[in-house]
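Visitor: I should like to learn how the features of a protein model are read, one at a time. Could we begin with the overall arrangement and then turn to local details?

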Amino acid sequence: MEKKDLPAIGIDLGGTKILAGLVANSHLVGEPVRVPTPSGPENIIKALLDIIADFQKEHLVLGVGIATAGIVDTESGAILGSTGNLPGWEGTALKHVIEERTALRTHVENDANAAAYGEARAAGLHTRTCSVMVTLGTGIGGGIILKGSLYRGAHYAGGEVGHIKISMENQRRCTCGLWDCWEAYGSGRGLLATALEMARGKSKDQSVICERDGDLTTKDVLEAAAAGDIIAGNALKKYHEHVAVGMSALCHVLDPDCFVISGGMSKFVDLKLIKELLFDRTLPRIAEKLEIYPSRLSEKAGMIGAAQIVLDAVNPIESMSTTSAC
Ligand SMILES: [Zn+2]
């Protein structure tokens, strides 16, 4: 096998677990490895180096792609922005440390951007003018692919779609400290807040979600909605509107070909309903041909995308800019 045909190691560094696997041609080769994320930057780096060493015992690899939470300077591979899930991670010169210790070509990418790249490549969407991935989870993440290249912005914070402001009422504080961000409404936490607002003043015999005293979870709301609870069902309908409003804002800035919807909340989202709601709120020229796809790679998107960025930097594909990756 020529060196350019070797797989790359993809690693998704999350707040609770590290997922790693060998990737070739946007596909996982063999089974991924899962280990709990240790606490503190030094322990995390040790865990990453151990994972890489284990793969290298069995395989020749082209390089390493690491998807991590936080804002990443993709030129230097340093973590610029903090993330609550990985305390102390800000300021870590991750690419430098990994390259120095392994002598492997290394690329570090924001996890949502890596996931967007992985999804776009796996679905053949890299040839489109603009594809946007939206991750609906406990928060909202996003990634924008323009003609095959990740759009990272002037300060590596492009695609932070969860912080689009969708209301002027200052009703909900976002985790970022700003008010009324899309994430405060269109995430799992947002659905919970909507359900609690709708349940306020209602009695316990009107809805099962009124029976809980302050310990209601997003999962409870989803289960109640599925069981026919009216307030929970209305909250879930409102949640779809909230998701559509943010997507509409993105439509009017980007005029995308398509969205890919992923994340833990995506399996509770009716994409047909989202499309209808989006159509009602978006210029017809943009909405008429817009496509909305479910995720293909789900939780593996960040790992596969980070590795594929490394592979594509070595073997650029025709429709992509070679300057877009590492
Ligand atoms: Zn925010």
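Visitor: How far apart do the C-alpha centres of domain 1 and domain 2 lie?

Guide: Please keep in mind that this is a predicted model. The C-alpha centres of the two domains are separated by 28 Å. According to the domain assignment, domain 1 comprises 3–118 + 299–314, and domain 2 comprises 125–295.

Visitor: How many residues of each domain are in contact with the other?

Guide: Contact here is a matter of C-beta atoms within 7 Å. On that basis, 11 residues of domain 1 meet 14 residues of domain 2. On the side of domain 1 that touches domain 2, strand 5 (72–73) and helix 3 (111–122) are the elements giving two or more residues. Helix 3 provides the largest share, five residues. Sorted by class, that side of domain 1 holds eight nonpolar residues, two polar and one charged.

Visitor: Helix 3 deserves a closer look. How many of its residues are buried?

Guide: The criterion for burial is 20 or more other C-beta atoms within 10 Å. In helix 3, 12 of the 12 residues are buried. Among them are the charged residues Asp111, Glu119 and Arg121. End to end, helix 3 reaches 16 Å from its first C-alpha to its last, close to the 16 Å expected at 1.5 Å a residue. Helix 3 is followed by Gly124, whose phi is positive, near 70°.

Visitor: How does helix 5 read by the same approach, and which of its residues are buried?

Guide: Helix 5 (residues 188–199) has 12 residues and spans 17 Å between its first and last C-alpha atoms, close to the expected 16 Å. Its buried residues are Gly188, Arg189, Gly190, Leu191, Leu192, Thr194, Ala195 and Ala199. Helix 4, helix 6 and helix 7 are included in what covers them. Just after helix 5, Gly201 takes a positive phi of about 85°.

Visitor: Which residues other than glycine have a positive phi?

Guide: The general idea is that most residues other than glycine have a negative phi. Ser26 is one residue with a positive value, near 60°, and Asp180 is another, also near 60°. Ser26 lies in the loop between strand 2 (17–24) and strand 3 (27–36). Asp180 is placed in the loop between strand 10 (149–150) and helix 4 (183–186).

Visitor: Are Ser26 and Asp180 buried or partly exposed?

Guide: Ser26 counts as buried because 22 C-beta neighbours lie inside 10 Å. Asp180 has 19 such neighbours and therefore counts as partly exposed. The loop that holds Asp180 also contains Thr175. Thr175, with 15 C-beta neighbours inside 10 Å, is likewise partly exposed. The C-alpha atoms of Thr175 and Ile261, 86 residues apart along the chain, are separated by 21 Å.

Visitor: Turning to the interior, which residues have the most contacts inside the largest nonpolar core?

Guide: A nonpolar core is read as a set of buried nonpolar residues joined through C-beta contacts. The largest one has 87 residues, and Ile9, Ile11 and Val221 have the most contacts inside it. Helix 7 (residues 230–254) gives this core its largest share, 10 residues. Domain 1 and domain 2 each supply at least three residues to this core. Leaving aside residues up to four places away in sequence, Ile11 touches Ile18, Ala20, Leu48, Ile51, Val64, Ile66, Ala67, Met303 and Ala306.

Visitor: Where does Leu222 lie, and why is it called buried?

Guide: Leu222 belongs to helix 6 (residues 218–226). Leu222 is called buried because 21 other C-beta atoms lie within 10 Å. Its C-alpha atom is 34 Å from that of Tyr151, which is 71 residues away along the chain.

Visitor: Finally, why is the whole chain described as being as compact as a globular protein of its length?

Guide: The protein chain contains 10 helices and 12 strands. Its radius of gyration is 20 Å, close to the 20 Å that the globule rule gives for 326 residues, so the chain is as compact as a globular protein of that length. Along the principal axes, its C-alpha atoms fill a box of roughly 65 × 45 × 35 Å. Buried residues account for 45% of the 326 residues. Of the contacts with a separation of 6 or more, 63% join residues 24 or more positions apart.

How values were computed: Residues are numbered from 1 along each chain as its sequence is written. This is a predicted model: local features need pLDDT of at least 70, side-chain atom pairs count only at pLDDT 80 or more; totals for chains, interfaces and linings use all residues. Helices (H or I, at least four residues) and strands (E, at least two) are DSSP runs, numbered from the N terminus. Domain bounds come from an automatic or database domain assignment. Two residues are in contact if their C-beta atoms, placed from the backbone, lie within 7 Å. The radius of gyration is taken over C-alpha atoms; the globule rule is 2.2 Å times the number of residues to the power 0.38. A nonpolar core is a set of buried Ala, Val, Leu, Ile, Met, Phe, Trp, Tyr and Cys residues joined through C-beta atoms within 7 Å. The expected span of a helix is 1.5 Å times one less than its number of residues.
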